[in-house]
Amino acid sequence: MYSSPTHSNGYQHQHQPGERRPGPGMTHRERGKRGARGRSKSRDSRDSHDGGGGGGLRVSDQKTHQEQWPPCTDFDMAYFNSYAHVGIHEEMIKDRVRTETYRQAIMQHQSFIAGKVVVDVGCGTGILSIFCAQAGAKRVYAVDASEIALQANEVVKANNLSDTVIVLHGRVEDVIIDEEVDVIISEWMGYMLLYESMLGSVIVARDRWLRPGGLILPSHATLYMAPVTHPERYSESIDFWRNVYGIDMSAMLPLAKQCAFEEPCVETIVGENILTWPHVVKHIDCYAVTIGELESVSTRYNFKSMMRAPLHGFAFWFDVEFNGSVISPINSHAPSPLTETQPVDGSQRKKRSNPNEALVLSTAPEDPPTHWQQTLIYFYDPIEVEQDQLIEGSVTLSQSKENARFMNIRLEYASGGRSFVKESVMR
Ligand SMILES: C[S@@+](CC[C@H](N)C(=O)[O-])C[C@H]1O[C@@H](n2cnc3c(N)ncnc32)[C@H](O)[C@@H]1O
């Protein structure tokens with residue numbers, strides 16, 4: 001079972017337990033076993049394939065790249081199925097912070113996009129592709145392996161954009177695009193940034209089609225972590241059992257702790273829950289990052305608590321930047337200066353500095369809430385920390401061997417003479 005987002009207190013869509021953005025663990029979305037390419041004949045988009053990009057959906061049958069790129073597994077098929085449902089697209093599109101920032105980023109780069117060729121990696125309903133067409137793109141390849149691509153094609157037709165937006169139903173790893181592209185746009189970020197492992201597909205698109213000097217939106221991403229205190233949360237889930245209608249139900253405590261805190265929790269916290277400045281877990285330059293680099297991400301952290309408080313665990317969140325190609329050395333594959341110089345020694349900054357004033361989509365607790373909320377790794381019991389107490393350890397996020405879209409989280413903690421390791425899986 002995956003962890004359900006048990007708390008949500010800011011984002012306009014109130015998550016129900018068991019509901020979150022889909023991922024490989026969302027078995028309730030895996031209805032039927034129809035994969036993206038195994039759909040029924042009546043809905044088979046091959047029926048509408050006109051072969052010329054004049055409004056028909058194109059279906060990828062090519063196996064050309066399957067030796068070079070990762071093969072499509074049953075887990076991938078379940079993942080694509082999870083995106084065939086309208087609810088998740090509605091949730092993402094209604095997340096105005098997300099969608100408006102993407103639209104703003106596209107419009108900010110309008111002079112670059114106008115007259116150019118774009119690929120939208122994972123187009124979903126086609127919204128970002130249509131924004132790009134509105135920005136004057138000459139041609140947009142809207143690629144999605146989920147059956148939602150069929151809907152995207154209808155949306156494109158209904159908006160008379162079939163001459164510009166070509167919907168390709170297939171994996172980015174498999175579809176054929178017979179030209180270089182100038183722009184890659186994608187909304188690939190999962191919980192804790194790396195959950196879902198979709199960035200790998202953006203890398204594949206970059207390495208297959210992006211011309212030198214091309215633009216990737218977003219261009220950079222940063223994952224942060226910070227220690228949190230959250231007495232209300234602990235009290236609601238755990239202390240509750242101490243006195244239930246006058247009955248001592250403390251016998252429930254071990255089970256309650258396990259159920260509440262064994263796995264990562266997706267929920268909204270606020271700035272006051274954070275005990276000190278965050279630490280950068282990983283900074284990603286989308287022009288340079290490699291697939292291998294994402295298999296396992298490890299960092300040592302070193303915090304100094306700014307106050308005396310019960311420490312309940314750690315929060316993770318991310319931001320992405322939309323830098324122009326002038327700012328980023330496109331395709332140079334040189335590491336961004338920030339990649340190698342993030343402080344890992346206690347000199348945490350609240351946010352990565354943004355000298356270029358690039359547009360940023362932030363999921364930080366102090367910023368307006370998004371459907372990503374924050375991801376919390378709770379301890380089973382709070383730990384009292386003093387002001388200025390050092391909290392140190394390491395965190396490793398690795399793709400599960402079982403299913404690369406699952407994320408294994410190993411958290412090592414040491415402070416005030418105590419140390420332990422907490423391992424969890426985000427499924
Ligand atoms: C987070 S949604 C974003 C949808 C849309 N771009 C938006 O912003 O509303 C990601 C989409 O990417 C698709 N996707 C993920 N990996 C893909 C791949 N390797 N090839 C094609 N589509 C992919 C999923 O099916 C899903 O529809």
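A residue is taken as buried if 20 or more other C-beta atoms, placed from the backbone, lie within 10 Å of its own, as exposed if 12 or fewer do, and as partly exposed in between. By this criterion 47% of the 427 residues of the chain are buried. The model is a predicted one, in which local features require pLDDT of at least 70 and side-chain atom pairs count only at pLDDT 80 or more, whereas totals for chains, interfaces and linings use all residues. Residues are numbered from 1 along each chain as its sequence is written.

The secondary structure comprises 11 helices and 16 strands, defined as DSSP runs (H or I, at least four residues, for helices; E, at least two, for strands) and numbered from the N terminus. Among contacts (C-beta atoms, placed from the backbone, within 7 Å) between residues at least 6 apart in sequence, 79% join residues at least 24 apart.

An open sheet of 4 strands follows the order β10-β14-β15-β16 with antiparallel pairing, two strands being paired if DSSP finds at least two bridges between them. Its edges are formed by β10 (296-304) and β16 (418-426), each of which pairs on one side only. Antiparallel pairing of β10 with β14 (residues 390-399) extends over 9 bridges, and Thr-299 stands opposite Val-395 in β14.

The ligand is surrounded by 22 residues, of which Tyr-83, Gly-122, Gly-124, Ser-146 and Ser-201 come nearest; a residue is near a molecule if its C-beta atom, placed from the backbone, lies within 6 Å of it. At least two residues of this shell are supplied by each of α2 (86-94), α5 (127-134) and β3 (139-144), and the largest share, 3 residues, comes from α2.

Technical notes: Contact = placed C-beta atoms within 7 Å.
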